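Please open the model in your viewer and keep the sequence panel beside it, since this tour moves from one selection to the next.

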Amino acid sequence: MVVWRQEVRDVEFKDVFTDLRKKAELSQNEVAEKVFVTRQAVSRWERGETVPATETLLALSRLFGVSVNTLLGSPRTLVCQSCGMPLSDDFLAQEADGSFNETYCKWCWVDGAFAQECTMEEMVEHCVPLMPLGQAEPEACRTYMRGLLPTLERWKQK
Ligand SMILES: [Zn+2]
């Protein structure tokens, strides 16, 4: 049963990075200056010889407006740990400094806190009408959500 939509991709950092750099119309030099590395480092990334360190990935994430997960070729299927929605960069929450929060969607996490304090059952009711199948088969979606939510960080019994 397909409840939330999901994409599967198979790409690497070098492909994602080169593509973003060209779309942004930046030279290797310009990117290097913006994230404080050498042009040789950028050139090694594009040849697939190295992958940037974490701080540099975060800087690139802010520069291009995409998540670190996307930069790395989406090795993880991100799922909002509050409502269970698969997360593409368009749906990711952002912190005040513009960095991506890769744990929650932008509807669940706003300005550094949960957008709504609610019980798990209230979250189920909140999500069902928003799901592609929610209108046609609300009971099926409720059952799915009641199984999914307890596995997510927000609802796990600590
Ligand atoms: Zn969410």
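## A tour by selection

Begin with Glu25, which follows helix H1 and has a positive phi, near 55°. Keep in mind throughout that this is a predicted model.

From there, select helix H1 itself, residues 13–23, and colour its buried residues, which are Phe13, Val16, Phe17, Thr18, Leu20 and Arg21. If you then show the surrounding helices, you will find that the buried residues of H1 pack against helix H2 (28–34), helix H3 (39–46), helix H4 (54–64) and H5.

Stay on H1 and display the side chains of Lys23 and Asp19, which meet in a salt bridge with 3.0 Å from N to O. Both residues lie in this helix, four residues apart, about one turn of the helix. An α-helix has 3.6 residues a turn, so residues three or four places apart point the same way. Lys23 is exposed, with a relative accessible area of 63%, while Asp19, at 40% relative accessibility, counts as partly exposed.

Next, select the zinc ion together with its protein donors, the SG atoms of Cys80, Cys83, Cys105 and Cys108, which lie 2.3 to 2.4 Å from the ion. The arrangement is tetrahedral because the four donor atoms subtend angles of 101 to 115° around the zinc ion. Along the chain, the donors follow the spacing C-x2-C-x21-C-x2-C. Of these donors, Cys83 and Cys108 link distant parts of the chain, 25 residues apart: Cys83 sits in the loop between helix H5 (68–71) and strand E1 (92–94), and Cys108 in the loop between strand E2 (100–105) and strand E3 (109–110). Both Cys83 and Cys108 are buried.

Now select Arg76 and Glu102, whose side chains meet in a salt bridge at 3.2 Å, N to O. This pair also links distant parts of the chain, with Arg76 in the loop between H5 and E1 and Glu102 in strand E2, 26 residues apart. Arg76 counts as partly exposed at 47% relative accessibility, whereas Glu102 counts as buried at 17%.

For the last stop, which residue forms a salt bridge with Glu125? Select Arg142, where the closest N and O atoms of the pair are 2.8 Å apart. Glu125 belongs to helix H6 (residues 120–127) and Arg142 to helix H7 (residues 138–148), so that the pair, 17 residues apart, links distant parts of the chain. Adding Glu139 to the selection completes one network, in which salt bridges that share partners join Glu125, Glu139 and Arg142. The structure holds nine salt bridges.

Methods
Residues numbered from 1 in each chain as written. Predicted model: local features only at pLDDT ≥ 70, side-chain atom pairs only at ≥ 80, totals over all residues. Heavy atoms only, no water. Donors = N, O, S within 2.8 Å, 3.2 Å for Na, K, Ca; no water. Tetrahedral: all angles 85-135°; square planar, octahedral: opposite > 155°, others 65-115°. Helix = DSSP H or I, 4+ residues; strand = E, 2+ residues; numbered from the N terminus. Buried < 20%, exposed > 50% of the residue type's maximum accessible area, 1.4 Å probe, protein only. Contact = heavy atoms within 4.5 Å. Salt bridge = Lys/Arg side-chain N within 4 Å of Asp/Glu carboxyl O.
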